[in-house]
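Please open the model in your viewer and keep the sequence panel visible. This tour proposes a series of selections and describes what each one shows.

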Amino acid sequence: MPGPGVLEGVFTAGTYFTMPHRALPPVPRQLTELRRPLFLSALLVSTLLPAQIDTTLATKPDTTRQEQPQLPVFTITADDLDAELGAQDISGILQSSRDIYTSTAGFSFGSARYRIRGYDSRNTQVSINGVFVNDMESGWATWSQWAGLNDVTRYMEVRTGVSPSRYNFGGLGGYTDINVRASSLRKGIRVSYASANRAYRNRLMFTASTGMRKDGWAFSFSGSRRWAEEGYVEGTSFDAWAYFLSAEKKINDKHSLSFTAFGAPIVQGRQGVAIQEAYDLAGTNYYNPNWGYQNGEKRNARMSFDHKPVLMLSHRYKPDANTNWNTTLYYTFGRDGLTGMQWFDAQDPRPDYYRYLPSYYMPSLSVNGQNDPMMAARLTSEWQNDVNRRQINWDQLYFANGKNLYTVQNANGIAGNNVTGNRSKYILEEQRADPTRIGINSVYDKALANNVHVTYGASFHRQKTHYFKVIDDLLGGDFWVDVDQFAERDFNDSLTAQNDLDQINKVVREGDMFGYDFDIHTRLYNAFGQYEKKWSHLEVYGGAEVTYTSFWRDSRLRNGRFPEQSFGTSEMHNFFTYGLKGGAVGKLTGRHFISANVVWMTRPPIPRTAFISPRTRGEVIDGLTTEKIWSGDLNYIVRSPRLKGRATVYYTRMSDGLWSRSFYHDEYRTLVNYTMTGVDQVHQGVELGLEAKLSATWSATAVLGTGDFRYASRPEATITRDNNPEVFDAGRTVYWENYKVGGMPQTAASLGVRYNSPKFWFAGVNANYFDDMYLDPNPDRRTAEAIGNYVESDPQVALLTDQTKLDPGVTVDLFLGKSWMIKRQYRVAVNATISNLLNNTDLRVGGFEQSRYDRTDANRFPPKYSYLFGRNYFAMVTFSF
Amino acid sequence: MNFRSTLAILTLVVLAAACKKEFDEPPVRTLPTGQVLTVAQLRGLFTGSPIRFRGDSSVFAVVTADEQSGNLYKNVYIQDHTGAIVMRLVNPGGLYQGDSIRIYLAGTTLSSYQNLLQLDSVNVDNNVVKQATLVPKQPTTVTIAQLNQTYTPAWTNPWQAKLIRIEGVEFIQSELGTTYADAVNQETVNKTLSDCTNNILVRNSGYANFASQQLPTGNGSFVGVVGQFGDDMQLFIRNINEVQLTGDRCDPIPEPCPPTTNVAEDFASGTSNVDLSLECWFNVSTAGSRVWRGYSDAGQICAQATAFQSSSPSDVAWLISPTLQFTPGMSLSMRTQYAFWVNGQVPFKAFVSTNFNGTNTATANWTEITGATFANSPTHNFNTWVPSGQIPLDGFLPDGYTGSFVVAFRYTGSGPNGQTTNYRIDDVVIQ
């Protein structure tokens, strides 16, 4: 990406950096060799560790049954859920501060899932009124909790990277604090309507704030609705409301109290991803396997129902002009649910199941499939012409359920209690993760003499997340029986199959809980302190935090496969972690600055990934330990009247991380859990942002972020199943070193021009470039077990182990706006954005390698991809006074 | 607008939270009954070529064997008062023993597979309507001789697919000590049931929940359904609890060989390329199907095991000596040779055990005999006998041991993985 000449002066291009070789058994050899120049600042070269060459790998006999291929269906880890959320979340990272790099990353790169420095949401501490609100169990910031409240959440302080913070210690990726105190919201009334063709099509928003009134009260209200019968992708739907209320009372000059309540009930029909064959057969890269016709109406099987209100009571104490002491007590509760198909002793109802695709019958594509060209041709024709083949056939599911007479003997554990009726073969279940959380946060900061500023804070949080499943819809049947299908066959013991040993053969109906029922409890105690000092040409800061975290599982069900480990309270897992950070900004001149930041921190494992299979047992991964992180960055900042910009180099190493995925395996008919310990990651790269004022009306921007985010260790994997206590394998070495971290473009660049008319209108255009996008490697395909039987030269080895890289792409965005003042009192504004103006519908921006794979036929379970939306728009008219 | 009233109205609007959308249930679709056939009438339609049903017609019957135990897959047996037939399902699952069902025939095919008449392409969701549950059929008692009677054409055999009981039967002696099927490789295995006059095959899936159970050694009653493959009649177990072989055998197991004081075996009684059957020795496969066979080396018969051309993912063959009474100072000597050595394979090991029960290798504790010279590449040449030397056995047995023991020779290989070394032993002397 050629940048403006200015950039070349700052960075020395041409420091070449060779991807090291990965070696696999039986003898060390080169699998892939990737060469790519990485622009590195001469200043940071010394801190870049030379990448190790992964050369030794002992062959180990494959004693497990892992040769069975593997297929994911339900992605249920935190990472996956939030990846889904992230893709469909509207407000998320669109909120950016005034830094051109950060704002471009938010506005223009967001659609391609760009993540600043490759960090996921866990690395940014988000707080509201100073209270840390990242979910305690997943670590992720749940922006959907306040989505649709843009009018009041716009007052946020955002810093990326390690930085001084007067709210908390901050995360590796920085912090975001949203101030929603009624007195700090701008006085007035604002009504807006937006039309769009993205996740939603309409948005109506109303906000009214009084500002601080003479009687010492301030009030604010905001509400919105966002909705779409059908979004950009066929079969998706959106219906979200949002509400916000805040009242603040200034008691006297030193004390004020404020109360805030907000929430956002969101009902959403989700988009699913598919393999390319399905996209090609359906004739669109936006094919969505999640929906089908029921009675001629489109119905989506993956509906999310989300509503987690937050209540906050804040006390503000300002004894003098230099001191602030803010304390907030908060409570949040609610529901988080996602529906999905479940079936018993019946065929897979999902239309894109691999055995329903023509390729399954084409041996040229799938050596282990069945050679039946007639069947392949028939399926091809049906996929192209019959919507009931391509999509879920709901009517057929009702038909099958409505005539499946069955007698449950000794139902509900009562001898002789026989229940006869139509037993549903197919149902919709809702998987729930309902959090309840309470906490208190108190932060004190004071400006001392000699330009010293100190901040101290402490907080306590406790969260309980209730995990369970409910029958959402029996689809025409009378009941469902709470047993595990595979266990019933595999063990000659009917008790093994029971999901609830205390109520065997439990008959459940719509609204009944089944499957599993447990809580994950989390406690967090945190204290931090920060010291800042200023001189005329230098500012420095240092901070430290200590955190004590505990978590455990408490289950109300005794599961037939794990009668000993499933019930009751698990062992409590406690972790003490800490962080130290520091940094400095030097003023070279009034227009040129150099700054550097560094952090060393540890953090506890995330409860959601620590448990091997929380649905069935309280066991955690062996060798649970804290993650260690160190990171540093070096920045050059220019602020002149005509040119503003920043250039940054950064390096981060995270060690001893955890990784876990669960995926549905159709041959075991259960979830397989793949967990890894000792996952190290290195994230290093360069950020450049420049904003030039060309004339009084014209300005131009140039932004480049290029990084190298990769795995830097050989983790050890443990593989288990949800319905069998047998451990498939433990201590399996995953040769993951130097594979790229997937899920985001590692390189993104943007060039833009903008015209600002003195007559209150503006227009601009941005061209964006995305590159170095990878799919996250499926760890098991990079093991000795996966390739053990192949000779060195076998092309299957490369097919199994090479990483999938997505093609680079270009998009163009257009934006314009105009505003008018009426009677000097009323303001009307119109804004519009057209994204992906050139309607590039072939740009893959995400996806995953299927967890299930066939070691003798790597193409049999190809990756699933998701595509950037084609041309889309967002247009808004605002009326305010 | 007044600020407070605006606020009140909007609060109401917002609190009217989004309701969950309810979908109409699709109208009930029924499968017409049409012409009703008995199972006998259905079977009678077949005259040698497949019949695909198109119009409205139905058969009423009861499910006699289902897939629950894992022994049957995509096969369900049904029966009415006139006859029985096996249904081959498009997708597994959904039918259970004792279900009274109506099969709507349109879309299914009546055909003969290896002489077994079957109703093929049955889609449970589309072709089956359940009428009642828990109305099981009782098995008909028959003899093996009746089942083995030949019918021409074969599809007229009225026993096909019937639920039957046979009294006074037992598994043949040579199969005792083995399991119902190969649960390790999940391979289907035939076993032989006998009433001491006639024999019949019992076919067991490696996926059955009883696949890893040892065959019962007694005599008694057996319940299953009747299948056929070519000229072979086959029985399928539907529930392992219905195999009650606990009485006295009609072909009694000879007294086990009494412990001996020495063994000298030159395999001369064996035949080239025939599985070895040596008195008081135990020759068994515990994975795959390969056992030790006779092999002629320049006219001299020795014992050989190999996984060459075996399709099982894993082959493990054991040759276990007669039981010996241990006296201090006893030793083993033998000679070994190999052919077609495969690098990476460990084809041969020798063991001793003091608790082998005569039939089950899995329950015994085995101590590997180390320190012996066994033929291997590249130390030795192929097709060349390598003397083991005199190997004292004291070290592999507990101190001061005076009880009985056996010596076992184990071959391990895998045809599909190319681990196909041929391994031979001869002139085994334990004294």
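Select helix 8 of chain A, residues 394–401, and colour its buried residues: A:Trp394, A:Asp395, A:Leu397, A:Tyr398, A:Ala400 and A:Asn401. A residue is called buried if 20 or more other C-beta atoms lie within 10 Å of its own, exposed if 12 or fewer, and partly exposed in between, with C-beta atoms placed from the backbone. Because six of its eight residues are buried, helix 8 of chain A is largely enclosed by the rest of the structure. Helices (H or I, at least four residues) and strands (E, at least two) are DSSP runs, numbered from the N terminus.

The model is predicted: local features need pLDDT of at least 70, side-chain atom pairs count only at pLDDT 80 or more, and totals for chains, interfaces and linings use all residues. Residues are numbered from 1 along each chain as its sequence is written, while chains are lettered from A and ligands numbered from 1 in the order in which they are written.

Which elements surround helix 8 of chain A, packing against its buried residues? In chain A they are strand 14, strand 15, strand 20, strand 22 (419–422) and strand 23, and from chain B comes helix 3 (124–127).

**The sheet beside the helix**

Next, select strands 15, 14 and 20 of chain A, which in that order form an open sheet with mixed pairing. Two strands pair if DSSP finds at least two bridges between them. Strand 15 (297–300) and strand 20 (392–393) of chain A are the edge strands, each pairing on one side only. Strand 14 (residues 291–294) of chain A runs antiparallel to strand 15 of chain A, and four bridges join them. To see one such pair, display A:Tyr293 together with A:Lys298, its bridge partner in strand 15 of chain A.

**A second set of strands**

Move to strand 19 (residues 335–343) of chain A, which pairs with strand 16 (residues 303–307) of chain A in the antiparallel sense over four bridges. Here A:Asp306 has A:Asp336 as its bridge partner. Strand 19 of chain A also pairs with strand 23 (residues 426–448) of chain A, again antiparallel, over seven bridges. Display A:Trp343 and you will find A:Tyr426 of strand 23 of chain A opposite.

**Where the chains meet**

Now show both chains. How many residues of each chain are in contact with the other? There are 35 in chain A and 28 in chain B, two residues being in contact if their C-beta atoms, placed from the backbone, lie within 7 Å. Helix 8 of chain A, the starting point of the tour, gives the most to the side of chain A that touches chain B, with five residues. Other elements that give two or more residues to this side include strand 8 (202–209), strand 21 (405–408) and helix 9 (485–490) of chain A. This side of chain A divides into 14 nonpolar, twelve polar and nine charged residues. Ala, Val, Leu, Ile, Met, Phe, Trp, Tyr, Cys and Pro count as nonpolar, Asp, Glu, Lys and Arg as charged, and the others, Gly among them, as polar.

**Another helix of chain A**

Select helix 3 (residues 100–107) of chain A, which is largely enclosed by the rest of the structure because six of its eight residues are buried. Among the buried residues are A:Ile100, A:Tyr101 and A:Phe107. Their cover includes strand 5 (156–160), strand 33 (643–665) and strand 38 (745–757) of chain A.

**Chain B**

Finally, display chain B alone, with its four helices and 29 strands. Colour domain 1 (35–132), domain 2 (140–247) and domain 3 (263–430) of chain B separately; such bounds come from an automatic or database domain assignment. The centres of domain 2 and domain 3 of chain B, taken over C-alpha atoms, are separated by 32 Å. Each of these two domains of chain B gives eight residues to the contact between them.

End at B:Asp99, in the loop between strand 5 (84–89) and strand 6 (100–104) of chain B. Is B:Asp99 buried or exposed? B:Asp99 is buried, because 26 other C-beta atoms lie within 10 Å. Not counting residues up to four places away in sequence, B:Asp99 touches B:Val62, B:Val63, B:Lys130 and B:Thr133. The C-alpha atoms of B:Asp99 and B:Ala132 are separated by 6.0 Å, although these residues are 33 residues apart along the chain.
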